[in-house]
Amino acid sequence: MFFERHEGGEHAILVHPEFSEDSEREDPREFEELVSSAGARAVAFLSVARQQPSPRFFVGRGKVDEIRDLVAHHEADIVIFNHALSPSQERNLEQEFQCRVLDRTGLILDIFAQRARTHEGKLQVELAQLQHMSTRLVRGWTHLERQKGGIGLRGPGETQLETDRRLLRGRIKAITKRLERVRKQRDQGRRSRRRAQIPNVSLVGYTNAGKSTLFNHLTDAEVYAADQLFATLDPTLRRINVDELGPVVLADTVGFIRHLPHKLVEAFRATLEESAQADLLLHVVDAADPERDDNIHQVNLVLNEIGAGEVPVLQVYNKIDLLEGVEPRIQRNEHGEPERIWCSAHSGAGIELLLQAISERLGEDLVHMDLPLAPDQGRLRARLFALGGVVQEHHDESGQMLVEVRMPRHDLARLLKEAGLDPLPLLDDESLDGLAAEGEAT
C-alpha cells in the first residue's frame, strides 16, 4: 500500500534522529535492516541530533534544506524517518522534498503487509494500515469542494475528504467484527485444549531472534524462516510430544521490536493472545546480538502491554553457534528450576536440554501414581481416559485394578472429589481453598 515498487527497488534517503534521552533512541543498524526488509535501497544515511522535535518539520530548517539537496542529487523516491511523525509533519516534509515521506510506523506497517500470508493476517494488517491512514487522509486531497450537484442531488452534501473518512470508518468496523470472530474461535480452541489437559507453549522474542528456526526444529514444520526482520507474521500452532510430559501445543508468533506501533498491537490482539493465554513462554533471545539485554527489556514491555507479563517464562539463548567457547547448558535458579537454556536452533545443539527444561517447568505440578479403582468406579476411569491422564492399566498381586495416571495435581484432586474419594493427600491448604471455591461456584 505504501510502496509501489519497480524492479530496481526504491531509492531511499534515511534520516535517523539522535535524542539525548535513552527512551527515545532507536538503533540505526536495525533501521537499515527494516528499510532493506521493506525492499528499498538506501542511497544516503543522515543522522540528526535533536533535543526535541520541531513541530513543523520534526528536524530543523537547515536539515530540511540538506535533505532536499540529497533527494535531488540521488533522485530519491522516498525519505524515511526512524521515528514517528505527525500527519502535519509528513505533509510539510513532502511539500518540501517533492517526494513521499514515511515514518517508522508506516515502514513497519509496509513490512507487515508484505509478510502477511493468511486471510487473518491480511485483515490484521489492513486494520492497522486503515487506522494509521485515517489521520493522514488530508494529504491526499488538496481539493475540498463539494461533490457534484444537480437535479435531485442538491443539499448540504459532503466533501471528498468526509466521504473517504466515512468509508474508512465503515471498513474498519467491518474488519474489527471479523477479527472479533477470529478471537472467539481462538478462545474456543484454547478452551478445548485446556479441557484435554494439553499445555500451551508460546514462542516470543525480538524479531529475527530465531523463533521460526527453533519452531521448525522442534516440530519438523516448514514455517518460513529467514535472516530478516519480521520474517514470521502469521501464527502457527503444532503439537509436539515431550518426554515425561506428553502432548504440548507450540505456537510460533510475530516478533517484537522497539516502540512497536500501538496500532499493530491492537490489530494483532487476537494473535498475541496466544502468548497471553499460554502456560509457558519460551522467550527466544539472540545470544550473539550485542543489544540482547535491551532487546529482552523491549520484549518484556510488549508482554506487559498484551497482558502476558505474569505468564511463566523460560529464556532460550539461541545462536550460540555464533559465539566462541559457549556450550549448550541449562541455567537454574536458587530453587533448582530451569530459567535459561543456551542452545542453537540452527545446529540443533542443546535442543534436548530445552525439551528437558520444558518438561520440568510444565511438569512441576504433575502427579504420577498408581490409583486403585473399584469395579463400581467406571465413571472415574472414563473421565481419566477422556482427559488423557492414563498412562496404562494393570493389576496388583491381589488382582485389584490399578490405573497409572499422570496429570496435573489439581485436576486429579477435583476428579477424586467428584467421585466421592478423598483428595486431601494430593493438595496443600491453598489448593484446597481453590477446590472448595470451584465447588461453590458450580
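The following paragraphs lead from a parallel sheet, through the helix that lies across it, to the salt bridges of the structure. The model is a predicted one, in which local features need pLDDT of at least 70 and side-chain atom pairs count only at pLDDT 80 or more, while totals for chains, interfaces and linings use all residues. Residues are numbered from 1 along each chain as its sequence is written, and side-chain values use heavy atoms, with hydrogens and water left out.

The open sheet has 4 strands in the order β2-β1-β3-β4, with parallel pairing; strands (E, at least two residues) and helices (H or I, at least four) are DSSP runs numbered from the N terminus, and two strands pair if DSSP finds at least two bridges between them. Because β2 (40-50) and β4 (100-102) stand at the edges with a single partner strand each, one side of each is left without a neighbour in the sheet. From one strand to the next, the twist averages 20 degrees, where angles run from 0 to 180 degrees between the N-to-C directions of axes fitted to C-alpha atoms, for helices over the stretch in contact. Strand β1 (residues 10-19) pairs with β3 (residues 78-81) over 4 bridges in the parallel sense, and Val15 stands opposite Phe81 in β3.

Helix α2 (residues 61-74) lies across β1, β2 and β3 and runs at about 170 degrees to β2. The buried residues of α2 are Val64, Ile67 and Val71 (buried means under 20% relative accessible area, exposed over 50%, and partly exposed in between, with a 1.4 Å probe and protein chains only). Seen down the axis of α2, these buried residues fall within an arc of 65 degrees, so they line one face of the helix; the arc is that of the directions from the helix axis to the C-beta atoms. They pack against β1, β2, β3 and α3 (87-97), with contact meaning heavy atoms within 4.5 Å, whereas Gly62, Asp69, Ala72 and His73 are exposed on the other side of α2.

The structure holds 14 salt bridges, each a side-chain nitrogen of Lys or Arg within 4 Å of a carboxyl oxygen of Asp or Glu. In one of them, Arg29 and Asp289 have their closest N and O atoms 3.5 Å apart; Arg29 lies in helix α1 (residues 28-38) and Asp289 in the loop between β8 (280-286) and α10 (292-305), so the pair ties together parts that are 260 residues apart in sequence. Asp289 is buried, at 16% relative accessible area, while Arg29, at 38%, counts as partly exposed.
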